[in-house]
Amino acid sequence: DTIPPAGTAQTSKTVFYRNLARKPSATIEDAIRALARFKGGAQEVKPLAEELAQLEQNGIRLPKDIVKQKDMTMTMGSASHLLMKALGVKGKSFMYIFFPDEQRYALREATELGLIPPNTFPGQTLSGNDLMGLLVRVNDISERQKAKTAPSDTPTE
C-alpha cells in the first residue's frame with residue numbers, strides 16, 4: 001500500500017490517507033498533497049506542480065520556494081503557519097495580525113483557536129496522523145468562522 005508513482009491509477013481513493021496516517025514524520029510535500037485533496041483535488045497522486053496549481057486555482061497561494069522545502073519534516077510551527085494561512089483561518093491576536101509570517105505567532109494563535117494542543121512547541125515534529133488531525137480541526141474552525149460571517153437566513157421584523 002505505498003503511494004504509486006504520479007500518473008498511475010490507484011485502486012482506492014483512500015490510499016493516500018492510509019499511507020499518510022502510517023508515516024512517522026510528515027513532510028511539507030505531504031502537507032501540500034493533503035491540502036490539495038482537502039480543497040477538492042483529485043484523489044490520485046499527481047505531479048507536485050499539478051497539485052500546487054490546483055491549490056492556486058482554489059485561492060491558496062503558497063510560497064514560491066515551497067517546492068525546495070518539500071522533503072523537510074513538518075513541525076508544529078510550520079504546520080500552524082501553513083495551514084492557517086493556506087486555509088484562510090483569521091487570527092485575532094495583535095502579534096499574529098502584524099507578523100503573519102512568523103511561525104511562533106501562528107502557533108500561539110493556532111493554540112488559542114484550539115487547532116494545536118497547549119504545551120506544543122514550534123519545533124515539535126508531526127507524524128502523518130498528526131497532520132490529518134490538524135486538517136480536521138482546521139476544517140472545523142474554518143466552518144465556524146464562515147458561519148459567524150454568513151448572513152442570517154431568519155427574517156427580522
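Student: What volume does the second largest pocket have?
Tutor: This is a predicted model, and the value is computed from it. The second largest pocket has a volume of about 190 Å³.

Student: Which helix gives the most to the lining of the second largest pocket?
Tutor: The lining includes Ile141, Arg144, Gln145, Lys146, Lys148 and Thr149. Those numbers fall in residues 128-149, and six residues of the lining come from that helix. The helix is H7.

Student: How many charged residues are in the lining of the second largest pocket?
Tutor: Lys90, Lys92, Arg144, Lys146 and Lys148 are among the lining residues. Lys and Arg count as charged. Beside two nonpolar and two polar residues, the charged ones number five.

Student: Which helix gives the largest share of the lining of the largest pocket?
Tutor: The largest pocket has a volume of about 280 Å³. Of its 17 lining residues, the closest to the centre are Ile28, Gln69, Ser78, His81 and Gln103. Ser78 and His81 fall within residues 76-86, the helix that supplies five residues of the lining. That helix is H4.

Student: How do the residues of that lining divide by class?
Tutor: Three classes are used: nonpolar, polar and charged. In the largest pocket the lining divides into seven nonpolar, six polar and four charged.

Student: Which residues touch the most other members of the largest nonpolar core?
Tutor: In soluble globular proteins, nonpolar side chains tend to be buried together. Here the largest nonpolar core has 37 residues. Elements giving two or more residues to this core are H1, H2, H3, H4, H6 and H7. The members with the most contacts to other members are Ile32, Leu62, Met74, Leu115 and Leu134.

Student: Is H2 mostly covered or exposed?
Tutor: Buried means under 20% relative accessible area. Ten of the eleven residues of H2 are buried, among them Glu29, Asp30 and Arg33. These buried residues pack against H1, H3, H4 and H7. H2 is mostly covered.

Student: Is lysine 70 buried, partly exposed or exposed?
Tutor: Lysine 70 lies in the loop between H3 and H4. Lysine 70 touches Thr27, Ile28, Glu29 and Leu48, leaving out residues up to four places away in sequence. Its relative accessible area is 26%. Buried ends at 20% and exposed begins over 50%, so lysine 70 is partly exposed.

Student: How far apart in space are lysine 70 and isoleucine 32?
Tutor: In sequence, lysine 70 and isoleucine 32 are 38 residues apart. C-alpha to C-alpha, the distance in space is 8.5 Å.

Definitions and conventions. Residues numbered from 1 in each chain as written. Predicted model: local features only at pLDDT ≥ 70, side-chain atom pairs only at ≥ 80, totals over all residues. Heavy atoms only, no water. 1 Å grid on protein atoms, 1.4 Å probe; cavity = no way out; pocket = protein on both sides within 12 Å on 5 of 7 lines; lining within 4 Å. Points joined across faces, edges and corners; volume = space filled by probe spheres on them. Helix = DSSP H or I, 4+ residues; strand = E, 2+ residues; numbered from the N terminus. Core = buried A, V, L, I, M, F, W, Y, C linked by side-chain atoms within 4.5 Å. Buried < 20%, exposed > 50% of the residue type's maximum accessible area, 1.4 Å probe, protein only. Contact = heavy atoms within 4.5 Å.
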